[in-house]
Amino acid sequence: MTTLFINAERLLGRLRELGQIGRDGDGRLVRLAGSDADKAGRDAFVSWIRAAGLDIAVDRIGNIFGIWKDRANVDEAPVLLGSHIDSVINAGIYDGCYGVLSGLEAIETLKAAGYAPARPIAVAAFTNEEGVRYAPDMMGSLVYAGGLPVKEALATVGTDGTVLGAELERIGYAGFEEPGFLKPHAYVELHIEQGPILEREGVPIGAVENLQGISWQRVTIDGDANHAGTTPMSMRRDAGHAAARIVTFLRDRARNSNAPTVATVGCMNFEPNAINVIPSRAALTVDLRDPDEQRLQAEEAALAAYLRELAAAEEVTISVERLARFEPVAFDRRIVELVEDAARKRGLASKRMTSGAGHDAQMIARIAPSAMIFVPSIGGISHNPREHTPDADLVAGANILLDVAARLAAQ
């Protein structure tokens, strides 16, 4: 096949147009799943699918598909491209949207060039990848892969008291297809790195070979509230101090390890939360990640052992609730090699990488060979309005996706 190039002006224009949908009164991009802003973003995406002449399908969890097929390949399993278009609060414009719009752009480019794929090519926008309004994150792809019953997902109550199924009905995206109705031949997701490695090393393309396992827990510590001025230090059952010791333990353990383990306490609150009262309760979240399942289990076990020691030492009661647990994912070696080969043929350096963030690809990998392509993120910034990737890198990544999709669809 003659080397093709995506329409850069069209891709970048759509990215910026979608990036303006969902701005609040303060100019922040907020397109939470099932919201009016989500509907507006979905409507724009569907209009572009329709303009491309693709078939449109929406499943019961609200995942949107644009499908390019013909009579010659209609019975073949499709190559699926995609990501998500929902956002966090005060988001950047690239996270998720870049992969969805590049998937559509790849299909349009192949279609316009007269390419005749041996199997269909489809682009997907998965529902509620961010998990900000409804938990868990990556919900649409998780349901699609059979990891969560659709009925249970639709009954999820959001942070604002709404029910996901009712909101999808309200915005017109409660589809009729059963999740999983398209069984992919392969899945490829293009994404900004959301980390600093590619930019730091001056490499334009990341061939993502695996994805870290994730362990989320909520730790609750119960002690005694008492007067901050009159209670001797030796007589305190201070839930706040115990919480601080957990933060220090996790950070020190991760920093002193030779492994790529990372540990984060992202949320913490005290009760009664008064300046002159010793905290009677502290609740905090723990996010543990590692690309190796045995190491991740070892970190979970080390934390559990430390919590037992801490409870005895501080004379507090500690309970733990598991919030989410995903095993590491090894992506398909053949697709990773296709990414590297495509980069080489276009004169671009590439680097094999681990994804530190969760993505829809980790769910779809349960049902089909999958892999990801990364492009650099300036400063490693994401989930932030300062999220940025230069246009040249965005276009380069989309061209690699184009080449990989064409190769997979030719098989």
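## A walk through the model, starting at H84

Select H84 to begin: with 1% relative accessibility, this histidine counts as buried. You are looking at a predicted model. H84 sits in the loop between β3 (79-83) and α3. Show everything around H84 and, leaving out residues up to four places away in sequence, you will find D95, G96, C97, V100, F126, E129, E130, H191 and D360 touching it. Now display side chains: that of H84 makes a polar contact with the side chain of D95, at 3.3 Å.

**Next stop: the annotated site**

Keep H84 selected and add D95 and H191. An unreviewed UniProt entry annotates H84, D95 and H191 as "binding site". These residues span 108 residues in sequence, yet no two of their C-alpha atoms are more than 10.1 Å apart, so they gather at one spot.

Is H191 buried or exposed? At 1% relative accessibility, H191 counts as buried. Its place is in strand β5 (residues 186-192). Beyond four places in sequence, H191 touches S83, H84, D95, G96, Y98, H359, M372, I373, F374 and V375.

**Along helix α3**

Colour residues 97-112, which form helix α3, and pick out E105 within this helix. E105 has 0% relative accessibility and counts as buried. Which residues is E105 in contact with, apart from its neighbours within four places in sequence? They are I6, N7, R10, L11 and R14.

Stay on this helix and select E108, which forms a salt bridge with R10; the closest N and O atoms are 3.6 Å apart. This pair links distant parts of the chain, with E108 in helix α3 and R10 in helix α1 (residues 8-19), 98 residues apart. E108 is buried at 10% relative accessibility, whereas R10 is partly exposed at 27%.

**More charged pairs**

Side chains of opposite charge can pair when their charged atoms come close. The whole structure holds 31 salt bridges, so here are two further ones to visit.

- Select D55 and K69: their closest N and O atoms are 3.9 Å apart in a salt bridge. D55 lies in strand β1 (residues 55-58) and K69 in the loop between β2 (64-68) and β3, 14 residues apart. D55 is partly exposed, with a relative accessible area of 37%, and K69 is partly exposed too, at 40%.
- Select E299 and R253: this salt bridge has its closest N and O atoms 2.7 Å apart. E299 belongs to helix α9 (residues 293-314) and R253 to helix α8 (residues 239-255), so the pair ties together parts that are 46 residues apart in sequence. E299 is buried at 13%, while R253 is partly exposed at 35%.

Then select D36, R133, D160, E167 and R170 together: salt bridges that share partners join them into one network.

**Last stop: the nonpolar cores**

Hide the charged side chains and turn to the largest nonpolar core, which has 106 residues. Select F45, F65, F331 and V404, the members that touch the most others. Helix α12 (residues 391-409) gives the most to this core, with 11 residues. Colour the model by domain: domain 1 (8-212 + 328-409) and domain 2 (213-326) both give residues to this core, so it lies between them.

Zoom in on F65. Not counting residues up to four places away in sequence, F65 touches I49, D55, I56, A57, D59, L80, V123, A124, F126, Y144, F181 and L182. Finish with another core that lies apart from the largest one: it has 20 residues, including I221, A239, A242 and V286.

Terms used
Residues are numbered from 1 along each chain as its sequence is written. This is a predicted model: local features need pLDDT of at least 70, side-chain atom pairs count only at pLDDT 80 or more; totals for chains, interfaces and linings use all residues. Side-chain values use heavy atoms; hydrogens and water are left out. A nonpolar core is a set of buried Ala, Val, Leu, Ile, Met, Phe, Trp, Tyr and Cys residues joined through side-chain atoms within 4.5 Å. Buried means under 20% relative accessible area, exposed over 50%, partly exposed in between (1.4 Å probe, protein chains only). Helices (H or I, at least four residues) and strands (E, at least two) are DSSP runs, numbered from the N terminus. Domain bounds come from an automatic or database domain assignment. Contact means heavy atoms within 4.5 Å. UniProt positions are given in the numbering used here, feature names are shortened, and annotations may be inferred rather than shown by experiment. A polar contact is a pair of N or O atoms within 3.5 Å; within protein, one must be able to donate a hydrogen and the other to accept it, and residues adjacent in sequence count only if both atoms are side-chain atoms. A salt bridge is a side-chain nitrogen of Lys or Arg within 4 Å of a carboxyl oxygen of Asp or Glu.
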